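The exercises below ask you to read a structure step by step. Try each task before you turn to its solution.

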Amino acid sequence: MVTQTHISLATVTLTSADSEIVFSSIPATYRDLILVVAGTSNSAGRAFFVELNGDTGNQVAQYINQSSAYSDTDFYIISNTTEFNAIVQIMDYSATNKHKVMLLRNSSADTDSWAGAGRWTSTAAVNSVRITRAGYNLQTGTRLSLYGVHA
Amino acid sequence: MKHIETISLSSGSAASLVFSNIPAIYTDLLLVTSIRDTSGGFQLVLLDINSSSVDRRFRTLYGNGVGGVSSQNQNDGNPQTMIGLVNGAPGGSVNITAYTSVQIYFPNYRSSASKTFTADCVAGNNATENYSFLTAGLWEQSAPITSLTLRTTNSIAQYSSASLYGITAGSDGITTVS
């Protein structure tokens, strides 16, 4: 059976703590992208920004968790010092006629369950995804994997 | 993504749906189920990892379309991990043909660290009362996941089914990561 989803593009398991991980040269072959992050950080409840094509702005987002619902001008995943995971779906990433929608599910069983929706207000095709937070780290052993999904 | 196994209840009910001897060749697992309980009313959908009854915790965010969003937390010591609600069979006050849909993602299921999972559940019901759940789960053991068990409060009804998929992380030779 031909695999149409979760086609592996790149993966890294951190061998040392890192504040920035960048997936680059993403081919425009697929319909959607899925980013899976699983591991720990050195700070609980810390936002690690998900930036597309090196753009540090031009995002809007809505989040909901167990205690609140709010909007923000950044799209991010929420880390934890105990094991957490985040799944980000970037829809229609290679399209050049629309803004890019991102969906988030973020799970930290000892702190919170999150859902989020974001939009990068650019029509450029996504060719890089950066996960970053200055001054904080994703810890050794954290795995980040990027997958493509065919239409 | 590769299909590992599908379990379907084509005749009769069952106490559980069990995926055992999960191959240790993938990076992540995805479990998808359409499930229903044999008793009336809303019943629990439960998940067991490696048949373990300890070292489990979860946090769930849920809503029923009537009131505001609610939440529930369970820490170590709770006897079961709830990932959602399912409608029961005829006899209750809920629609008799509605099954609950659940998707559970297990990243790094072979890791020697604690295992997390993300579960999304929507209970089917042809009425204004219904439920959706967003659950964060954690199994705090170092062993790899080798079995997954789905249960409901009573018994799992006929025509329920579940499928397990394996996802392998790697490289396409084009995309780089730094």
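**Exercise 1.** What is the mean pLDDT of chain B, and what percentage of its residues reach 70 or more?

*Solution.* The model is predicted, and we therefore begin with the predictor's confidence in each residue, which is what pLDDT gives on a scale from 0 to 100. For chain B the mean pLDDT is 85, and 84% of the residues reach 70 or more. As a next step, look at residues 89–95 of chain B, over which pLDDT stays under 50 and for which the model has 19 contacts beyond four places in sequence. For the complex, finally, the predictor gives an ipTM of 0.95 and a pTM of 0.93.

**Exercise 2.** Describe the surroundings of strand β9 of chain A, and decide whether A:Met102 is buried or exposed.

*Solution.* Start with the strand itself: residues 100–108 of chain A form β9(A), and seven of these nine residues are buried, so the strand is largely enclosed by the rest of the structure. Next, find its partners. Strand β8 of chain A (residues 84–91) pairs with β9(A) in the antiparallel sense over seven bridges, and in this pairing A:Ile90 stands opposite A:Met102. With strand β10 of chain A (residues 112–120), β9(A) also pairs in the antiparallel sense, here over nine bridges; A:Lys100 has A:Trp120 in β10(A) as its bridge partner, and a hairpin of three residues joins β9(A) to β10(A).

Now turn to A:Met102, which is found in strand β9 of chain A. Its relative accessible area is 0%, and buried means under 20%, so A:Met102 is buried. Among the residues that A:Met102 touches, leaving aside those up to four places away in sequence, are A:Leu52, A:Phe75, A:Ile90 and A:Trp120.

**Exercise 3.** How many residues of chain B are in contact with chain A, and which residues form the salt bridge between the two chains?

*Solution.* Count the contacts to begin with: 39 residues of chain B are in contact with 38 residues of chain A. The size of an interface is often given as the accessible area lost when the parts come together. Here chain B and chain A bury about 3,100 Å² between them, with 56% of it on carbon and sulfur atoms. Continue with the polar side, where the count is 21 residue pairs in polar contact and one salt bridge. The salt bridge is formed by A:Arg105 and B:Asp120, whose closest N and O atoms are 2.6 Å apart. On the side of chain B that touches chain A, the strands that each supply at least two residues include β9 (115–122) and β10 (132–139) of chain B.

Notes: Residues are numbered from 1 along each chain as its sequence is written. Chains are lettered from A and ligands numbered from 1 in the order in which they are written. This is a predicted model: local features need pLDDT of at least 70, side-chain atom pairs count only at pLDDT 80 or more; totals for chains, interfaces and linings use all residues. Side-chain values use heavy atoms; hydrogens and water are left out. Contact means heavy atoms within 4.5 Å. Buried means under 20% relative accessible area, exposed over 50%, partly exposed in between (1.4 Å probe, protein chains only). Helices (H or I, at least four residues) and strands (E, at least two) are DSSP runs, numbered from the N terminus. Two strands pair if DSSP finds at least two bridges between them. Buried area is the accessible area (1.4 Å probe) that two parts lose on being put together, summed over both. A salt bridge is a side-chain nitrogen of Lys or Arg within 4 Å of a carboxyl oxygen of Asp or Glu. A polar contact is a pair of N or O atoms within 3.5 Å; within protein, one must be able to donate a hydrogen and the other to accept it, and residues adjacent in sequence count only if both atoms are side-chain atoms.
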